[in-house]
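Here are my notes on this one, as numbered points you can check against the coordinates. I start from a single residue and work outwards.

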Amino acid sequence: HLMTICRLHVGRDSPSTDAYGWVVQDPAGATIDSGTSPERRPPAGIACELIVASDLVLLEKIPAPAARQRRMASALRFLVEDSVISDPERIHVAAGPASADDMLPVAIIERLWMEQMLARLDAAGLVPRHAYPECLLPARPSRTWVVACGGVNGFARSGDLAGFALDTSDAGEPPVALRLALDQARNSASAPERLIARVVPGATAPAAGAWAEKLGIPVETGPDWRWSDAGDRPAIDLLQGEFAPRVTERNWTRVLRRPAMLATALAILSAGGTAMEWALKAHERRAILAQMAETYRRSFGENSVIVDPPLQMARALDQMRRQTGAFAAGDFVPLFAKVSDRLLDPARHRIDSVGYADGVLTLSVRPVEASRFSTLFNEMRA
């Protein structure tokens with residue numbers, strides 16, 4: 001989290017009321033700005049993470065072979081049916097890190113609530129990258145449970161990836177949910193050695209002595225609990241599966257690195273191949289010109305000045321043909337002979353005019369019978 005980030009504390013009514021608290025923190029965790037929506041909204045376009053109220057999230061462990069835990073993501077909501085009342089299609093399940101005890105930690109939340117919350121934030125120009133259950137945020141010493149006392153927002157953190165929401169109670173009475181959880185922990189030989197009670201600002205502090213007497217466990221008073229003060233992030237993120245954030249600024253370069261490298265390599269190979277082909281063609285052209293120049297010197301003398309071997313050779317051959325009395329291919333007689341042999345029939349055609357210049361013979365021809373014009377035209381075109 002080496003970046004400025006906006007943390008939002010969202011509750012059950014946040015999607016419908018647009019009410020949530022927020023803080024903007026620098027990379028060191030210091031608060032730069034804060035506020036409460038909708039009176040004052042957080043700045044758009046900044047990286048966000050959600051702190052989800054504990055009464056919205058159910059933390060459980062489900063039996064799962066260690067070797068298959070990473071491949072069970074698509075079936076999680078059907079594997080937690082024994083822990084929830086809702087239909088599997090109505091819940092979203094996020095998995096924690098794989099464990100070696102054949103028990104997979106999961107977080108369960110209402111799918112519709114998550115959809116509505118993310119849609120609300122998207123409309124405000126906010127795109128969360130992480131979402132954490134609030135009950136996993138307080139620091140927890142070894143063999144200790146941390147209890148946040150705050151009326152409807154109360155919760156207890158009972159393990160690294162374990163916690164639960166608390167019911168409301170009087171200052172001198174511990175919550176029923178806490179009593180039941182302690183009884184269950186004692187039955188499984190996993191009871192804590194002490195409780196640390198922390199108060200949510202604005203809530204009434206519990207009577208630590210009365211709690212200790214009724215729970216049968218030492219109860220200490222800790223500093224007030226503020227969700228914005230949490231430092232370490234838990235190892236379970238609610239934004240998984242269908243709610244996983246799009247490729248972020250942090251990892252888009254990593255995602256595109258391999259295609260970019262392949263494209264660069266292909267471009268280099270293509271450019272290298274083209275350059276090599278041009279080099280071979282240029283070398284071949286120089287070899288042919290050298291051979292033509294050598295042939296020209298053998299034919300017309302070693303002291304001949306050569307500027308354009310192909311043109312000079314063509315002109316020299318034409319001159320030699322003329323000196324021996326032979327017609328060149330572009331002379332008038334060969335050209336007229338070719339035309340007269342193939343096309344001109346005095347019984348069918350009549351020549352109106354003949355022109356010759358620079359090796360080009362031009363004739364104006366028409367049929368004796370005007371009705372045969374199309375036939376003559378097609379013959380000449382063929």
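1. Let's begin with Thr31, which sits in strand S3 (residues 31-37). Keep in mind throughout that this is a predicted model. With a relative accessibility of 48%, Thr31 counts as partly exposed, because the exposed class only starts over 50%. Setting aside neighbours within four places in sequence, Thr31 is in contact with Val23, Val24 and Gln25. There is a long-range relation to look at too: Asp229 is 198 residues away from Thr31 in sequence, yet their C-alpha atoms are 9.1 Å apart in space.

2. Now the sheet that S3 belongs to. It is an open sheet of five strands, in the order S3-S2-S1-S4-S8, and the pairing is mixed. S3 and strand S8 (127-133) are the edge strands, each with a single partner, so each has one side without a neighbour in the sheet. On average, neighbouring strands here are turned by 20 degrees against each other, ignoring direction.

3. Inside that sheet, strand S1 (residues 5-10) and strand S4 (residues 47-52) run parallel and are joined by five bridges. If you want a spot to check the register, Val10 stands opposite Val52 in S4. Helix H3 (residues 111-123) lies across S1, strand S2 (20-25), S4 and S8, and runs at about 145 degrees to S4.

4. A quick stop at Ile108, in strand S7 (residues 103-110). Is Ile108 buried or exposed? Its relative accessibility is 5%, so Ile108 counts as buried. Ile91 is 17 residues from Ile108 in sequence, with 6.7 Å between their C-alpha atoms.

5. On to another open sheet of five strands, ordered S11-S10-S9-S12-S13 and again with mixed pairing. The edges are taken by S11 and strand S13 (219-221); each has a single partner strand, so one side of each is left without a neighbour in the sheet. Neighbouring strands of this sheet are turned by 20 degrees against each other on average, direction ignored.

6. S9 deserves a point of its own. Why can S9 be called largely enclosed by the rest of the structure? Six of its six residues are buried, so the strand is largely enclosed. In a regular strand, side chains alternate between the two faces of the sheet. S9 is covered on both faces: Thr144, Val146 and Ala148 are buried on one side, and Trp145, Val147 and Cys149 are buried on the other.

7. What does S9 pair with? Strand S9 (residues 144-149) pairs with strand S12 (residues 194-199) in the parallel sense, over six bridges. Within S12, Ile196 is the bridge partner of Val146, and Leu195 is the bridge partner of Trp145. S9 is also joined to strand S10 (residues 155-159), by three bridges and in an antiparallel arrangement, with Val147 opposite Ala156 in S10. S9 and S10 form a hairpin with five residues between them, and Gly151 in the turn has a positive phi of about 65 degrees.

8. Next, the helices on this sheet. H4 lies across S9, S11 and S12, at about 170 degrees to S9. Helix H5 (residues 208-215) also packs on the sheet, where it touches S9, S12 and S13; the direction of H5 makes about 160 degrees with that of S13.

9. Have a look at the largest pocket, which has a volume of about 590 Å³. It is lined by 19 residues, and those closest to the centre are Leu59, Ser158, Ala162, Phe164 and Gln184. Which elements give two or more residues to this lining? They are strand S5 (58-63), strand S11 (162-165) and helix H4 (176-187). The lining residues divide into ten nonpolar, six polar and three charged. S11 therefore comes up twice in these notes, as a contributor to the pocket lining and as an edge strand of its sheet.

10. Finally, the overall numbers. The protein chain has nine helices and 15 strands. Of its 382 residues, 34% are buried. Counting contacts between residues at least 6 apart in sequence, 57% join residues at least 24 apart.

How values were computed. Residues numbered from 1 in each chain as written. Predicted model: local features only at pLDDT ≥ 70, side-chain atom pairs only at ≥ 80, totals over all residues. Heavy atoms only, no water. 1 Å grid on protein atoms, 1.4 Å probe; cavity = no way out; pocket = protein on both sides within 12 Å on 5 of 7 lines; lining within 4 Å. Points joined across faces, edges and corners; volume = space filled by probe spheres on them. Helix = DSSP H or I, 4+ residues; strand = E, 2+ residues; numbered from the N terminus. Nonpolar A, V, L, I, M, F, W, Y, C, P; charged D, E, K, R; others polar. Pairing = 2+ DSSP bridges. Axes fitted to C-alpha atoms, helices over the stretch in contact; angles between N-to-C directions. Contact = heavy atoms within 4.5 Å. Buried < 20%, exposed > 50% of the residue type's maximum accessible area, 1.4 Å probe, protein only.
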